[in-house]
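Take a look at the strands of this protein and how they are laid side by side. The report below goes through them step by step.

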Amino acid sequence: DLYYMAGNDIREGIGQARNSGLWLVSELNRKIIGGITIAADEKDPSLWLIFGLEVKPLFRGMGAGCALVSAALSKAKRSGARTIGLFVNKNARPALSLYASFGFGQKDPVPDGFNKSAGEFYLSYKINA
């Protein structure tokens with residue numbers, strides 16, 4: 001159900017993660033309550049992209065999203081990432097706040113090959129060596 005709830009972002013990300021990334025999940029009592037997909041850009045392996053972060057509504061605000069982002073950043077860094085990028089809806093205040101707490105910001109241009117819709121921000125995070 002999380003897979004269908006997340007829509008195209010996470011489905012496309014899972015496809016790319018098979019080749020160059022990860023789909024991480026958060027569990028509570030052996031049930032998946034959240035997931036995040038992160039994968040290396042095919043053209044630039046130092047750029048990793050978060051394709052979807054989703055936490056089931058009943059479990060939001062309990063730290064699952066924070067734990068997922070933290071784990072994704074850690075794994076990407078160990079895999080050679082220098083920048084993590086993502087697209088987020090401009091009206092998704094909880095998500096914007098979460099990403100800002102990790103240091104994501106609107107610092108970089110949208111990577112080649114990606115299109116940002118009018119309702120989105122492109123956020124990026126630089127990993128310090």
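In β5, which residue is the bridge partner of L86? The partner is L123. Keep in mind that this is a predicted model.

**Strand β4 and its two partners**

Start with β4. This strand covers residues 83–89. It is mostly covered, with 5 of its 7 residues buried. β4 pairs with β5, which spans residues 120–126. The two run in the antiparallel sense, over 7 bridges. The pair L86 and L123 belongs here, with L123 in β5.

β4 also pairs with β3, residues 47–55. Here the sense is parallel, and there are 4 bridges. Two bridge partners can be named. L47 has T83 of β4 as its partner. L49 is matched with G85 in β4.

How does the chain get from β3 to β4? It passes through helix α3, residues 64–78. This β-α-β crossover is right-handed.

**Strand β3 and the hairpin**

Why is β3 described as largely enclosed by the rest of the structure? The reason is burial, because 8 of its 9 residues are buried. β3 has a link to β2 as well. A hairpin of 6 residues joins β2 to β3. These two strands run antiparallel, and 7 bridges join them. One of the bridge partners is L53 in β3, which is matched with I36.

The strand pairings are collected here.

| Strands | Sense | Bridges |
|---|---|---|
| β2 and β3 | antiparallel | 7 bridges |
| β3 and β4 | parallel | 4 bridges |
| β4 and β5 | antiparallel | 7 bridges |

**A buried serine**

Now look at S124, which is found in strand β5. Is S124 buried or exposed? Its relative accessible area is 0%. The cut-off for buried is under 20%, so S124 counts as buried. Leaving out residues up to four places away in sequence, S124 touches T83, I84 and G85. The other residues it touches are G103, F104, G105, K107 and D108.

**A pocket**

Two of those contacts of S124, T83 and D108, turn up again in a pocket lining. This is the second largest pocket, which holds about 170 Å³ of space. Which residues line it? The lining includes D41, K43, D44, S46 and L47. It also includes T83, D108, P109, P111 and D112. Y122 and K126 belong to the lining too. By class, the lining has 6 charged, 4 nonpolar and 2 polar residues. L47 and T83, both in this lining, are also bridge partners.

**Two residues in a loop**

Finally, turn to the loop between β1 (21–28) and β2 (31–40), where N29 is found. R30 has its place in the loop between β1 and β2 as well. Most residues other than glycine have a negative phi. What is phi for N29? It is near 55°, a positive value. For R30, phi is near 65°, also positive. Neither N29 nor R30 is a glycine.

Are these residues buried or exposed? The cut-off for exposed is over 50%. N29 has 68% relative accessibility, so it counts as exposed. R30 has a relative accessible area of 79%, so R30 is exposed as well.

Definitions and conventions. Residues numbered from 1 in each chain as written. Predicted model: local features only at pLDDT ≥ 70, side-chain atom pairs only at ≥ 80, totals over all residues. Heavy atoms only, no water. Buried < 20%, exposed > 50% of the residue type's maximum accessible area, 1.4 Å probe, protein only. Pairing = 2+ DSSP bridges. Right-handed = clockwise from strand over helix to strand, strands pointing away. 1 Å grid on protein atoms, 1.4 Å probe; cavity = no way out; pocket = protein on both sides within 12 Å on 5 of 7 lines; lining within 4 Å. Points joined across faces, edges and corners; volume = space filled by probe spheres on them. Nonpolar A, V, L, I, M, F, W, Y, C, P; charged D, E, K, R; others polar. Contact = heavy atoms within 4.5 Å.
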